[in-house]
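Here is a short briefing to read alongside the structure. Please have the viewer open, and take the topics in whichever order suits you.

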There are 2 protein chains.
Amino acid sequence: MNKISIKDKSKMASQAAFKLSAIDIETRNRALQNIIKHLKENTEQLQKINQKDLEYAQNNHLALPLFKRLKLDDQKLNDAVDGIKQLIQLPDPVGVTQMATELDKGLELFRVTCPIGVIGVIFESRPDAFIQIASLCLKSGNAVLLKGGHEAQNTNQFLFQVFKEASEESGIPSGWIQILETRDDVDEMLKQRDDIDLIIPRGSNQFVQYIMDHTSIPVMGHSEGICHVYIDKDADLEKALRIAVDSKAQSVSVCNAAETFLLHRDLPVSFIKSLKEALKKVNISIRGDEQISKIISCDHATKEDWRTEYLDRIVSIKMVNNVDEAIWHINHYGSKHTDTIVTENNETAHKFLLEVDSAGVYQNASTRFADGYRYGFGAEVGISTGKLHARGPVGLEGLVTYKYKLIGHGQIVADYANGKAHFTHQSLNKNCPL
Amino acid sequence: MNKISIKDKSKMASQAAFKLSAIDIETRNRALQNIIKHLKENTEQLQKINQKDLEYAQNNHLALPLFKRLKLDDQKLNDAVDGIKQLIQLPDPVGVTQMATELDKGLELFRVTCPIGVIGVIFESRPDAFIQIASLCLKSGNAVLLKGGHEAQNTNQFLFQVFKEASEESGIPSGWIQILETRDDVDEMLKQRDDIDLIIPRGSNQFVQYIMDHTSIPVMGHSEGICHVYIDKDADLEKALRIAVDSKAQSVSVCNAAETFLLHRDLPVSFIKSLKEALKKVNISIRGDEQISKIISCDHATKEDWRTEYLDRIVSIKMVNNVDEAIWHINHYGSKHTDTIVTENNETAHKFLLEVDSAGVYQNASTRFADGYRYGFGAEVGISTGKLHARGPVGLEGLVTYKYKLIGHGQIVADYANGKAHFTHQSLNKNCPL
């Protein structure tokens, strides 16, 4: 059998996408339900195939954390199925009237949400990510091209068949889901500007940067997660300690973990010492600037540290003169992901939340809350540090766009240009009838 | 005086942008008011300087339409001032709470609109466009780099001084408005990814394409306007005639003018003949496909015609078998701008409005309605044919993005991970207090 070209797969996805945009929510939910059924019926075979990937990985000495991510055990499969069940419960993100305006009597304008179209997703070696991403795309009415980690290729190929068969059986247009196999396929996909509307890369910063530099298709992703905890002079010091430790240490290898603490110069020396003790207890080492180094013994931070996403048990600490300096530091060195201020002073918090230019700006809460599940979105397709379209954790809402629907009765512009007719521009309180 | 580099101008704009994001709407409106005052006080000088540009243009034999666009007469200046007055009346697009969720008691998440940051706008030779764009950016709290047509450079330089002085006098942070002078400046601007958040190019398709191909900064613009009128078998033929003629002929050199008519094969021959007559009356020539050519005498359309934005007194006409074929043609050859169906059959209209993948999808109305003023947005910064962030005519709402503000009381993720605390995920009916 000849391999289908990526250009053809993209065209097929694009053709399916405009049919899928007219499929009602009942059919989409029924298809998700049928996917759950097929997954359950095929669990044994799925895990047998996953075992093949695991054996290959073992023979090739895959690092233990990657190996663990690759394994699709009962727990992970159950969680993935629960994820689809939750998704079915969520309201339809498509067809929501966001705005309604009477332009004139009998000439009504509606802004209505619709699927984006065709989305290309490149993701890491977790096969459960395949299930989550494909389900999110189906629920939001988008066609999708999926490229998972090569370590999981047998598992992904099987999941692809399950999704394809179960969805088509339920009336979803054939072609809406496509699978890519090689790195060359990805490079080919990046060229399909006519058929693909959005690329979502998940993975290392270098990888996301590579994708952004090699396509003219819009890319939604996060370049880096350099998150900050700023502890203000008016902070509740107990909260500050808890939030700093949680933001840094609750999980260190994730994008919403803090990399830098900014401390107001008026904080008591005793607090800085307790912070060091607390961090020591959870095995976090400190790189401090000159002033911090005078108070506690620690490694010396260089300018490079302010730009570094450690994803490790290291935190950099800098002393700042005031909230303005903290804001400047974050906007200058940060990555527009998530930053928190610890303060009881709401005026200072107000300033911080307004002026820090990040997707998430918090008062008195850990940066680790920046996550689709914790935000209540059900699931997320990724976290965006770009500033347009969707910011922060991206759930179903980030997978739709809108179109303007204008419903008239033969109106023409000439009549408004020559004064025979006049715009009324009244806001309407109704949903689009079409 | 040394010329300030574009890199430095971008940095200055970026620094001003985060201060501007904290400036309240009263101050922004007061600044707009003060700009009106300065424009009125300086009208005489402004028109004297505009005369300089006009003389230069005359000596260089600028084409008459361009010459007319360049001229800033009393009428245009009054219209521009009226535009600012309307803008002042519009509600603040910044600080709008779009979503509020209780994650847990005392841990509240808000999605709040905020300015995009720094916007680079490249626009044609009309100096009134300078006034409109700069005012839209100021109202929405964005810093802006402006590059107008070189024919208008003296006028734009003077307008820049007026905007800068009047706004700073009213408390707007210095640096928020920057002016670019040469084509090289534009190329330099396209490289400032660290400081510029969005590029909006206005001008010819080739020009917009050039910008898209030469920057990794997000670009909002319209590549082309290949708009369609599909006349269904269930059309009211009188409406169809009016809409077809208006869409094509009310103004031919604009992006929302129709380029192709698609006619259902069951339409009576007499209708096609009347359409030809009606188009002849307004000097529109026809390029028809084989079937159309059998019915009326006309030029022959080739495949290239379906992809051509004439911006001229020409229309291509094709016969289609059904609405599906019309939809396919539009999605395949169109430019995702604006397309209309003429039909009395709401089921067919429903299908067309769902499946046509364009920013504007109309039933029984002229494509020429696709415009920020006609949509009731007050003013527009441009029309977007991209599918992400903003689609169609882009007014104030397209110039803002959002951030997530989380307000807590010391909550940490560890407590939720180990089961000590639980998410409530309740929707809240309140605005963000900070």
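Does H61(B) count as buried or exposed, and how many C-beta neighbours does H61(B) have inside 10 Å? H61(B) counts as exposed, because it has 8 C-beta neighbours inside 10 Å, where 12 or fewer is the limit for that class. Please keep in mind that this is a predicted model. The points below go from the single chain to the way chains A and B meet, and then to a few residues worth finding on screen.

**Chain A as a whole**

- Chain A contains 16 helices and 17 strands.
- The C-alpha trace of chain A spans about 75 × 70 × 35 Å along its principal axes.
- Of the 434 residues in chain A, 53% are buried.
- If you take the contacts in chain A between residues at least 6 apart in sequence, 72% of them join residues at least 24 apart.
- The domain assignment splits chain A into domain 1 (6-185) and domain 2 (227-369), and the C-alpha centres of these two domains of chain A lie 38 Å apart.

**How the two chains are related**

- Chain A superposes on chain B, with an RMSD of 0.1 Å, after a rotation of 180° with 0.0 Å of shift along the axis. That is the relation of a two-fold axis.
- To find the rotation axis from chain A, look for H389(A): among the residues of that chain, H389(A) comes closest to the axis, with its C-alpha at 1.9 Å.
- The copies meet through the same surface, because 100% of the interface residues of chain A are also interface residues in chain B.

**The interface**

- Contacts between the chains involve 67 residues of chain A and 67 residues of chain B.
- Several elements of chain A give two or more residues to the side that touches chain B, among them the helices α9 (205-213), α10 (237-249), α15 (346-355) and α16 (413-417), and the strands β1 (97-104), β2 (107-115), β13 (360-365) and β16 (400-411).
- β16(A) supplies the largest share of that side of chain A, with eleven residues.
- Sorted by class, the side of chain A that touches chain B holds 30 nonpolar, 22 polar and 15 charged residues.

**A sheet shared by both chains**

- Eleven strands make an open sheet with mixed pairing, in the order β10(A)-β9(A)-β11(A)-β8(A)-β7(A)-β12(A)-β13(A)-β16(B)-β2(B)-β1(B)-β17(B).
- At the edges stand β10 (299-300) of chain A and β17 (426-427) of chain B; each has a single partner strand, so one side of each is left without a neighbour in the sheet.
- Where does the sheet pass from one chain to the other? In the strand order, β13(A) is followed by β16(B), and these two strands pair in the parallel sense over five bridges.
- Within that pairing, Y362(A) has L406(B) as its bridge partner.
- At the chain A edge, β9 (residues 285-288) runs parallel to β10(A) and is joined to it by two bridges; R287(A) has D299(A) as its bridge partner there.

**Matching strands in chain B**

- β9 (residues 285-288) of chain B runs parallel to β11 (residues 314-320) of chain B, with four bridges between them. One bridge pair is S285(B) with I314(B).
- β9(B) is also joined by two bridges to β10 (residues 299-300) of chain B, again in parallel, and here R287(B) stands opposite D299(B).

**The nonpolar core**

- The largest nonpolar core has 246 residues, and the members that touch the most others are I133(A), A134(A), I133(B) and A134(B).
- Leaving aside residues up to four places away in sequence, A134(B) touches V144(B), L146(B), F163(B) and I177(B).

**Histidines to look up**

- H61(A) lies in the loop between α3 (43-59) and α4 (64-70) of chain A, and its phi is near 55°, a positive value in a residue other than glycine.
- H61(B) is found in the loop between α3 (43-59) and α4 (64-70) of chain B. The C-alpha atoms of H61(B) and H350(B) are separated by 51 Å, with their positions 289 residues apart along the chain.
- H389(B) sits in the loop between β14 (382-384) and β15 (392-394) of chain B. Its phi is positive, about 65°, although H389(B) is not a glycine.
- H389(B) is buried, because 20 other C-beta atoms lie within 10 Å.

Note on methods
Residues numbered from 1 in each chain as written. Chains lettered and ligands numbered in written order. Predicted model: local features only at pLDDT ≥ 70, side-chain atom pairs only at ≥ 80, totals over all residues. Core = buried A, V, L, I, M, F, W, Y, C linked by C-beta atoms within 7 Å. Contact = placed C-beta atoms within 7 Å. Domains from an automatic or database assignment. Nonpolar A, V, L, I, M, F, W, Y, C, P; charged D, E, K, R; others polar. Pairing = 2+ DSSP bridges. Least-squares fit on C-alpha atoms with pLDDT ≥ 70 in both.
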